[in-house]
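Please open the model in your viewer and keep the sequence panel at hand. The tour proceeds by selection, one stop after another.

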Amino acid sequence: MSGNILEIKNLVTSFRIRGDYYAAVDGVSLEIKPNEVFAIVGESGCGKSALALSILRLHKGFYTKVEGSIFFKGRDLLSLRDDELNDVRGKEIGMIFQDPLTALNPLMKIGAQIEESLTIHTDYTAAQRAERTLELLNSVGMPRPGLVYGQYPHELSGGMRQRAMIAIALVCKPSVVIADEPTTALDVTIQAQILDLLRDLQRQTQSAVILITHDLSVVAEMAHRVAVMYAGQIVELADARELFHNPKHPYTRSLLESNPSSSSSGEGFLHVIEGMVPNLDRLPRSGCRFSPRIPWIPDDAHEADPTYRTVAPGHLVLCSCHEHFRFSDERGTSHALA
Amino acid sequence: MPLLEVKDLKVYFPIKGGILARTVDHVKAVDGVSFIIEPGQTVGLIGESGSGKSTIGKSVVGLAKLYGGSILYNGEDITKYIGKNRSSYRRGVQMIFQDVYSSLDPKRRVLDLVAEPLRNFEKLTRAEERKKVDELLAIVGLGPENAMKYPHEFSGGQRQRIGIARAVALRPKLIIADEPVSALDLSVQAQVLNYLKIIQQEFRLAYLFISHDLGVVRFMCDHLLIMHRGRFVETGNRQDVYEDARHIYTRQLIAAIPDPDPDMKDEKRTLRDRVGKEYDDLKDKHYSEDGRVFDLKKLSDTHCVALP
């Protein structure tokens, strides 16, 4: 398997809207290496969560079609039966969800929720399970682990709940952890703590982390490699350092430019991307999907059938329009309002 | 004369207990804070969830019952008017809400939503009203064809812009913006922040900008109020707070802002660890014995910090 722990090939995840299927993830191929933090970044509606949920096939089958292949340890997850997949879920691939209050079971004690995976996936005795759970609560930095073990989710603060979620994801020592917006619902100080914790745990356990986020600053803090998604496609893929210092795709550059944390002064206006992300059923399916949002770039600068180009080792960009994109081309100040 | 002057504001929520459900104690959501807002100024109110920042916003628009203190608008105490006609105040102070999905009535058209404040305070003919609504929508970059649509037909950023159009309909002097961009995507957030700035210049508006995002606050605000446990720990202008933070809580807050430069991540981490340790070591010196924040002390004309 050429040293990759997870290989996604030409993944298409489509949702049914009024009888027709529309692809939210449209032909994504990715290779995740062991022991790396791989970030997928994009705005709401770009397909990043649809992609993450496809890996463990957590979509409702009735409305969703997942095509392509996802190889994990030599097996295609998409062709496994449900009971075979259940052996992978939680054991070899762990998942951290955005909102710990809805993801945790309100009627189960924290300790029992963490042990649940151990009961299903291992033959530990009850004492061993409790021991492993307490050890884990300790390592996720939970204050008073002995007490929390017997508490219910509503008794914990948001940060503590997120720590409990992380413990659940890690309990079976998975080799891949998918973290879907793990800190979005948290305060800045707690966010910093959770990010530091995730990074430390990743270094200790050497597992691969797929980090789904919309926050570029979180990406900069955490990721080794980054994929930027727009309208169901990966538009740019590079090492984190390369991406932040040498962004190419107009979408990536616009996103970085519109971040108020990077334009530190209060003078002037933030960069705004013209138009909006199109709805799933109105998405243009041919040509460069970002072209309607940069209308001042001439049509012939885009490729009719965009392909990935290598601009530096390991740095891929979709479509040739980036060669023609400059912020100074934008039309005056009215553009800041688009 | 300042536009708004808040003096020693206290908002306590009662804790009921016993068989007679008598008030046994209080949660001190806001415990003695004072600040002023000058015309055209943007004051940022920053704190974690539960620090009492939204409660301050609510009490300024009259949605919370005060336990003590006073709120002066144009020099006039508005607290004594509770339940009475406060029309000049009601016109002058408006609010923009965080959740754009629950703050617009789904059954009403944009025309009615934006015209509601006009109908309450001004007698306009239908044609005049329509013209005014179109003007307001144009200010936030929405065309007149949108007036007959319903909120669900808009994206989050557009909804927030409708919320802004509604808030500026009566030409207010002060807008309370309670986390106006927290629920929005980065590019949409940029758009809404730009509109807030443009409208401010156009109408000489003052903002009380409530947020937990220090990046956004730095972009928007002239004066910052850092809140913790219902009290201010530090106040100052951008430079005072971001370059020269004195209170350990402010320092921790600033260290927690993720840096959008991957080269800085190790440095940032070391800084966070150091500040975190400092916080544990110095906690006793920055808070009184019962965990209360001290009173503010003046360091310079702009910079105040809560130290003993």
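The stops below begin with confidence in the model, pass through chain A, and end with chain B and its contact with chain A.

**Confidence along chain A**

The structure is a predicted model. Colour chain A by pLDDT: the mean is 88, and 94% of its residues reach 70 or more. Then select residues 331-338 of chain A, where the pLDDT is below 50. Beyond near neighbours in sequence, this stretch has twelve contacts in the model.

**An open sheet in chain A**

Select β2, β1, β4 and β5 of chain A, and the four strands appear in that order as an open sheet with antiparallel pairing. The edges are held by β2 (20-32) and β5 (75-76) of chain A; each has a single partner strand, so one side of each lacks a neighbour in the sheet. Next, restrict the selection to β1 (residues 6-17) of chain A together with β2(A), an antiparallel pair joined over ten bridges. To find one point of register, display A:Arg16, which stands opposite A:Tyr21 in β2(A).

**Strand β9 of chain A and its partners**

Move to β9 (residues 225-230) of chain A. How many of the six residues of this strand are buried? Six of the six are, and the strand is accordingly described as mostly covered. In a regular strand, side chains alternate between the two faces of the sheet. On one side of β9(A), select A:Arg225, A:Ala227 and A:Met229; on the other, select A:Val226, A:Val228 and A:Tyr230. All of these residues are buried, and both faces of the strand are covered.

Now add the partner strands. Strand β3 (residues 37-41) of chain A runs parallel to β9(A), and four bridges join the two. Within this pairing, A:Ile40 stands opposite A:Ala227. Strand β10 (residues 233-239) of chain A runs antiparallel to β9(A), with six bridges between them. Here A:Val226 has A:Ala238 as its bridge partner. Follow the backbone from β9(A) to β10(A): the two strands form a hairpin with two residues between them. In the turn, A:Ala231 has a positive phi of about 50°.

**A buried loop residue**

Select A:Ile297, in the loop between α11 (250-257) and β11 (308-312) of chain A. Is this residue buried or exposed? A:Ile297 is buried, because 20 other C-beta atoms lie within 10 Å and 20 or more is the cut-off for a buried residue. Leaving aside neighbours within four places in sequence, show its contacts: A:Ser291, A:Cys321, A:His324 and A:Phe325. For a sense of scale, draw a distance from the C-alpha atom of A:Ile297 to that of A:Glu84, 213 residues apart along the chain; the separation is 49 Å.

**Two crossing helices in chain B**

Turn to chain B and select α3 (residues 110-121) and α4 (residues 126-139), whose axes come within 10 Å and cross at roughly 110°. The angle therefore makes α3(B) roughly perpendicular to α4(B). From α3(B), display B:Leu111, B:Val114, B:Ala115 and B:Leu118, which meet B:Glu129, B:Lys132, B:Val133, B:Leu136 and B:Leu137 in α4(B). The residues of this contact divide into seven nonpolar, no polar and two charged.

**Where chain B meets chain A**

Finally, display both chains: 34 residues of chain B are in contact with 35 residues of chain A. On the chain B side, α6 (186-203), α7 (214-220), α9 (248-255) and α10 (265-286) each supply at least two residues. The largest share, seven residues, comes from α6(B). Coloured by residue class, the chain B side shows 13 nonpolar, nine polar and twelve charged residues.

How values were computed. Residues are numbered from 1 along each chain as its sequence is written. Chains are lettered from A and ligands numbered from 1 in the order in which they are written. This is a predicted model: local features need pLDDT of at least 70, side-chain atom pairs count only at pLDDT 80 or more; totals for chains, interfaces and linings use all residues. Two residues are in contact if their C-beta atoms, placed from the backbone, lie within 7 Å. Ala, Val, Leu, Ile, Met, Phe, Trp, Tyr, Cys and Pro count as nonpolar, Asp, Glu, Lys and Arg as charged, and the others, Gly among them, as polar. Axes are lines fitted to C-alpha atoms, for helices over the stretch in contact, and angles run from 0 to 180 degrees between N-to-C directions. Angles under 35 degrees count as roughly parallel, over 145 as roughly antiparallel, 65 to 115 as roughly perpendicular and the rest as oblique. Two strands pair if DSSP finds at least two bridges between them. pLDDT is the predictor's confidence in each residue, from 0 to 100. A residue is buried if 20 or more other C-beta atoms lie within 10 Å of its own, exposed if 12 or fewer, and partly exposed in between; C-beta atoms are placed from the backbone.
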